[in-house]
Each structure stands twice: as structure tokens, then as C-alpha cells.
Amino acid sequence: MIAVNPERFLENLHRLRAFGAAGVGRGVVRPAFSAADIAARDWLAGEMRAAGLTPQFDPVGSLFGLAEGRSVLVGSHSDSQPEGGWLDGALGVIAGLEIARASHEAGGPPVSVVSFQDEEGRFGVTTGSAIWAGNLSLEEADRLTDRDGVTFAGARAAMAHLVGDFVDSARFTGFFEMHIEQGPWLYEAGEAVGVVTDIVGIRDMRITLEGEQNHAGTTPMHRRRDAFQGLARFNTLLNERLRNVVTPQTVWTIGHVRLHPDAHSIVPGRATFSMQWRDGDADRLGRMEAIIRTTAQDVAQEMGLRVTFGDLLGLEPVAMDARLRDALCQSAEAHAPGRWRRMPSGALHDATNVARLLPTAMLFVPSIDGISHAFAEDTAETDLVAGLKVLAEAVARAA
């Protein structure tokens with residue numbers, strides 16, 4: 001058992017929120033490599049040192065607080081969405097810091113901490129942990145750009161005075177990540193924690209429908225080859241065709257819609273959009289891809305359009321380690337008997353990448369009204385503390 005200090009844990013959560021605090025409620029603006037992000041990481045390094053750990057930044061700005069010898073690794077990320085909340089990622093980092101500090105003070109098992117860089121995808125998908133795990137080379141990452149055209153190489157240069165070598169994953173025996181659920185299930189059920197069984201896989205690609213640009217006032221409806229009408233038809237038809245393939249946990253989303261020339265008085269000749277879908281079953285993801293492609297082709301033929309597909313991107317579903325997951329389950333039953341569940345994660349996390357290197361497990365706490373990636377994101381402090389205690393005992397069991 002690791003006897004954590006809930007008051008110190010909550011105080012440090014609030015102190016971290018001060019870096020980039022914005023908006024109403026407990027909002028945060030702390031994108032990767034921003035001044036607020038770098039200042040927060042510098043503060044975290046000092047807290048790690050005070051907790052008896054050795055702070056080390058890797059070449060991309062991920063910050064490790066290293067215990068002596070082999071240790072359990074606990075953490076998440078401390079960067080935020082362009083408009084985010086105070087807990088997304090930060091919760092896992094501060095929970096790890098408190099568990100490592102409490103264990104060190106009591107002469108308990110060695111616990112290390114990590115805050116991965118750019119989990120929120122300013123440049124890619126869970127960029128810092130993807131590089132550390134070998135899912136993405138540093139050379140490839142350096143060519144990535146954000147929405148303003150800034151390169152990853154250019155952004156990480158702002159931390160050049162802090163960074164050192166990559167940390168060898170062999171010094172860790174396993175990885176735990178605690179996170180807000182970012183969904184409504186635990187909150188609506190009045191449950192304290194969720195033990196993650198697996199993290200869904202994700203697929204993402206761009207689709208372009210091309211028709212005929214023409215005058216909006218003089219082109220009769222029956223003569224139009226309207227690319228946006230093709231997109232609308234695609235969306236309706238896709239929902240119908242997926243109905244008997246998906247589960248209640250399966251999701252799919254159309255985004256980044258760009259019309260050309262995007263003018264009031266012009267029939268759009270081109271519609272480009274992103275198509276993303278997520279599920280915990282790789283076979284189902286493949287079947288969904290086939291339906292998406294066929295549906296787009298059918299709509300194009302029906303409406304006199306041309307369809308092209310961009311590269312298919314994504315990550316495979318990842319199952320959590322059975323031993324570490326069971327440690328979380330036993331701890332959850334001890335601290336919240338009858339008020340916890342096993343559940344999948346519909347969002348991507350750094351744990352997806354770390355699982356390639358280490359036995360990995362995740363724990364969720366409720367999100368009020370299921371809100372995340374927004375200034376309104378929040379969790380009751382009693383639930384935060386309950387999650388911390390469940391995680392601390394699981395780390396002790398695993399160690």
C-alpha cells in the first residue's frame with residue numbers, strides 16, 4: 001500500500017492548471033511547445049526533483065522523472081487542446097507524481113513518472129509517445145506541420161536548452177495511465193472508476209468528391225453536379241449501411257469539410273472531407289472501410305461525380321496487460337466496491353504506443369456530463385481522489 005496525500009495531489013493539480021489557465025471554469029490553453037507548456041514542464045521537473053526523482057527531457061520534450069533502478073512508470077501528458085480542460089492528461093501526470101513522491105517518502109517501491117509531449121496532436125497522433133515507442137521516427141516527425149505551417153522540428157527547437165537523450169524503456173517494468181473518461185458512462189451510472197480493457201483502433205482518411213462548379217442562380221437543380229449534395233447523400237447512405245455492422249461503442253465522424261470555391265453564388269465543384277472511424281475490433285474496422293469506400297463510389301456514380309481517396313492512416317486496437325489490469329480491478333473493488341466497471345477506451349491515449357514496449361494498463365475517473373476537450377471539462381474532487389487511491393494500490397500490487 002502506498003499512502004498518498006490527497007491534499008498535496010489536488011494542490012499540484014491546481015498549480016499545473018495555472019500554466020495556461022484560460023476561459024471560464026477551469027479551462028486551459030497549453031498546446032505542445034507553447035510558452036505555457038514549456039513553463040509547465042520546467043515546473044514539473046522541479047517537482048520531480050523534490051520528489052526524489054531525476055528529471056530528464058528526451059529529444060522531443062517528453063519529461064521523465066526517473067527513480068533509481070528498475071521501476072513502474074506512471075503518467076500521461078501535460079499539453080492541452082487549443083481550448084481544453086484542466087484534467088485531460090494532467091491528471092495522470094500529477095497522480096504519478098504524487099504516487100512516486102509518497103512511495104519515496106515511505107521507502108516503498110520505486111515509481112517513475114512521465115509527461116509525454118504533444119499527445120493532443122498539434123503535429124501528429126500522440127506524437128511524443130509514438131516516437132519513444134518506435135511507432136514514428138524522429139526524422140518523419142520533424143517533417144510534420146501544424147495548422148499554421150510550423151514544423152515539429154522548428155517547434156521543438158524552443159526546448160533545445162532542456163533536452164537530453166531518449167530514456168531506455170528497459171528500466172521500466174510496466175506502465176499505468178490514469179485519465180478522465182471523456183465520456184458519459186461512469187458519470188451517468190454514478191460509478192467511481194473504470195478499468196480499461198482495451199483502447200480502440202482508429203482509421204482516418206481524406207475523401208474528395210468532384211462535380212461541376214457552376215452559377216448558383218442559373219443552373220437548374222436537375223442539371224447540377226453539386227459536390228456538397230454528394231457529401232450529404234454519402235453521409236445519409238453511410239449511416240444506413242453501417243447500421244447492421246457496428247456496435248453501440250463504434251463511432252464514425254465526418255470533419256474538416258472544405259468546399260471549393262466556397263462562395264454564396266457558386267455551385268460547389270469540389271468537397272474534401274475527413275472520414276474517421278473507431279472500434280475495438282480490427283476486423284470490423286476493415287469491414288467499415290470497405291463500406292465507406294463502396295458508398296462513396298456509389299454516390300459518385302449516382303450523382304455524376306468523381307471520387308478520390310487519400311492515404312489511410314490509423315492505429316490498431318490495443319488490449320491492456322492482464323496482470324496490471326487485474327491489479328487495477330482488485331484495487332477498484334477494495335476502494336469502490338460495486339461502483340466500478342471494466343470498459344473500453346474510445347479515445348486514443350499514450351498507452352496505445354507504450355503498450356508496444358511495456359505491459360500497460362489504464363484507469364478512468366468520471367467526467368461530469370461526459371464533457372472533455374472544452375473549458376467546461378471537470379471531475380468531482382472526490383472522484384479524483386478515489387482514482388488516485390485505486391491507482392496507488394494497483395501500482396503497489398504491480399511493483
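What follows is a conversation about how to read a few features of this predicted model.

Visitor: Let's start with the whole thing. How many helices and strands are there in the protein?

Guide: You can find 12 helices and 18 strands. Along the principal axes, the C-alpha atoms fill a box of roughly 80 × 50 × 40 Å.

Visitor: What radius of gyration would a compact globule with 399 residues have, and what does the protein have?

Guide: The expected value for a compact globule is near 21 Å, and the protein comes out at 23 Å, which agrees. You can also look at who touches whom. Among contacts with a separation of 6 or more, 78% join residues 24 or more positions apart.

Visitor: And what share of the residues counts as buried?

Guide: Of the 399 residues, 53% do. The accessible surface adds up to about 16,600 Å², with 49% of that belonging to carbon and sulfur atoms.

Visitor: Give me single residues to practise on. Is Gly128 buried or exposed?

Guide: The cut-off for buried is under 20% relative accessible area. Gly128 has 1% relative accessibility, so it counts as buried. Look for Gly128 in helix 4, residues 127-133.

Visitor: Which residues does Gly128 touch, leaving out those up to four places away in sequence?

Guide: Gly128 touches Val60, Ser62, Phe116, Gln117 and Asp118. For a sense of distance, try Gln213: the C-alpha atoms of Gly128 and Gln213 are separated by 42 Å, and the two residues are 85 apart along the chain.

Visitor: What about Glu333, where does that residue lie?

Guide: Glu333 is in helix 10, which covers residues 322-335. Partly exposed is the class between 20% and 50%. With a relative accessible area of 38%, Glu333 is therefore partly exposed. Beyond its neighbours within four places in sequence, Glu333 is in contact with Gly338 and Trp340. Ser367 is 34 residues from Glu333 in sequence, and their C-alpha atoms are 20 Å apart in space.

Visitor: Now the backbone. Is the peptide bond from His260 to Pro261 cis or trans?

Guide: Omega is the angle to check. For the step from His260 to Pro261, omega is near 5 degrees, and the bond is cis. Pro261 sits in the loop between strand 11 (251-260) and strand 12 (266-267).

Visitor: Which angle should I check at Asp262?

Guide: Check phi, which is near 60 degrees at Asp262, a positive value in a residue other than glycine. Asp262 is also in the loop between strand 11 and strand 12. Asp262 counts as exposed because its relative accessibility is 59%, and the cut-off is over 50%.

Visitor: Where does Asp369 lie, and what is its phi?

Guide: Asp369 lies in the loop between strand 18 (360-365) and helix 12 (381-398). Its phi is near 60 degrees, again a positive value in a residue other than glycine. Asp369 is exposed, with a relative accessible area of 54%.

Visitor: Last topic, pockets. How is empty space found?

Guide: Rolling a probe the size of a water molecule over the atoms shows where empty space is left. Here, the second largest pocket has a volume of about 150 Å³. It is lined by 14 residues, and those closest to its centre are Gly52, Ala67, Glu68, His104 and Pro110.

Visitor: Which helix gives the largest share of that lining?

Guide: Helix 3 (residues 90-105) does, with 3 residues in the lining of the second largest pocket. By class, that lining has 8 nonpolar, 5 polar and 1 charged residues.

Key: Residues numbered from 1 in each chain as written. Predicted model: local features only at pLDDT ≥ 70, side-chain atom pairs only at ≥ 80, totals over all residues. Heavy atoms only, no water. 1 Å grid on protein atoms, 1.4 Å probe; cavity = no way out; pocket = protein on both sides within 12 Å on 5 of 7 lines; lining within 4 Å. Points joined across faces, edges and corners; volume = space filled by probe spheres on them. Helix = DSSP H or I, 4+ residues; strand = E, 2+ residues; numbered from the N terminus. Nonpolar A, V, L, I, M, F, W, Y, C, P; charged D, E, K, R; others polar. Rg over C-alpha atoms; globule rule 2.2 N^0.38 Å. Buried < 20%, exposed > 50% of the residue type's maximum accessible area, 1.4 Å probe, protein only. Contact = heavy atoms within 4.5 Å. Areas by Shrake-Rupley, 256 points an atom, 1.4 Å probe, with all protein chains shown as cover.
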